[in-house]
Amino acid sequence: MKPAYYRLKYGLHLQNELTQSVKANYHDIFTLTKKVVHHVENVVGQSVSDDEIAYIAMHFGGWLDREGVSVHSHQVK
């Protein structure tokens, strides 16, 4: 999260080549991440792009996997 924070804070916009893949293959995790990213937006004072959300979702998904937690579409509203 630190690299994402600094990219947002200093206006460094990166293109994430995996964004479409994350959206397609991990839609539930991407959606959950997009719903909670407003907390980051409040801290940095700007909106978070889908490219950045995809990076965060990859980390979040990895953590969920390590914890043995699975997310299903019916859990995402």
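**Salt bridges and helix packing in a five-helix model**

A search of the whole structure, which is a predicted model, identifies three salt bridges. In one of these, Glu52 pairs with Arg7, and the closest N and O atoms are 2.5 Å apart. The two partners come from distant parts of the chain: Arg7 belongs to helix α1 (residues 2-9) and Glu52 to helix α5 (residues 50-67), a separation of 45 residues. Glu52 has a relative accessibility of 4% and counts as buried, because the limit for a buried residue is under 20% relative accessible area. Arg7 is likewise buried, its relative accessible area being 17%.

Asp50 takes part in the other two pairs. Its salt bridge with Lys23 places the closest N and O atoms 2.8 Å apart. This contact again links distant parts of the chain, with Lys23 in helix α2 (residues 19-25), Asp50 in helix α5, and their positions 27 residues apart. At 26% relative accessibility, Lys23 is classed as partly exposed, and Asp50, at 25%, is also partly exposed. Asp50 forms a further salt bridge with Lys34, for which the closest N and O atoms are 2.8 Å apart. Lys34 is located in helix α3 (residues 27-36) and Asp50 in helix α5, so this pair ties together parts of the chain that are 16 residues apart in sequence. Lys34 is partly exposed, with a relative accessible area of 41%. Lys23, Lys34 and Asp50 are thereby joined in a network of salt bridges.

Helix α5, which contains Glu52 and Asp50, was examined further. Its 18 residues span 25 Å from the first C-alpha to the last, close to the 26 Å expected at 1.5 Å a residue. The buried residues of α5 are Glu52, Ile53, Ala54, Ile56, Ala57, Gly61 and Leu64. Their cover includes α1, α2 and α3. Gly68 follows α5 and has a positive phi, near 75°.

Helix α1 also holds Tyr6. This residue is partly exposed, at 43% relative accessibility. Between Tyr6 and Val36, the C-alpha to C-alpha distance is 18 Å, and the two residues are 30 apart in sequence.

At the level of the whole protein, the model comprises five helices and zero strands, arranged along the sequence in the pattern α-α-α-α-α. The radius of gyration is 12 Å, which agrees with the value near 11 Å for a compact globule of 77 residues. Along the principal axes, the C-alpha atoms fill a box of roughly 35 × 25 × 25 Å. Of the 77 residues, 31% are buried. Among contacts between residues at least 6 apart in sequence, 75% join residues at least 24 apart. The accessible surface amounts to about 5,500 Å², and carbon and sulfur atoms contribute 55% of this area.

Confidence in the prediction was also assessed. The mean pLDDT of the protein is 90, and 94% of the residues score at least 70. Confidence is lowest in α1, with a mean of 89, and highest in α2, with a mean of 96. Where pLDDT is low, predicted coordinates should not be read in detail.

Terms used
Residues are numbered from 1 along each chain as its sequence is written. This is a predicted model: local features need pLDDT of at least 70, side-chain atom pairs count only at pLDDT 80 or more; totals for chains, interfaces and linings use all residues. Side-chain values use heavy atoms; hydrogens and water are left out. A salt bridge is a side-chain nitrogen of Lys or Arg within 4 Å of a carboxyl oxygen of Asp or Glu. Helices (H or I, at least four residues) and strands (E, at least two) are DSSP runs, numbered from the N terminus. Buried means under 20% relative accessible area, exposed over 50%, partly exposed in between (1.4 Å probe, protein chains only). The expected span of a helix is 1.5 Å times one less than its number of residues. Contact means heavy atoms within 4.5 Å. pLDDT is the predictor's confidence in each residue, from 0 to 100. The radius of gyration is taken over C-alpha atoms; the globule rule is 2.2 Å times the number of residues to the power 0.38. Accessible areas come from the Shrake-Rupley method with a 1.4 Å probe; for residues, only the protein chains shown count as cover.
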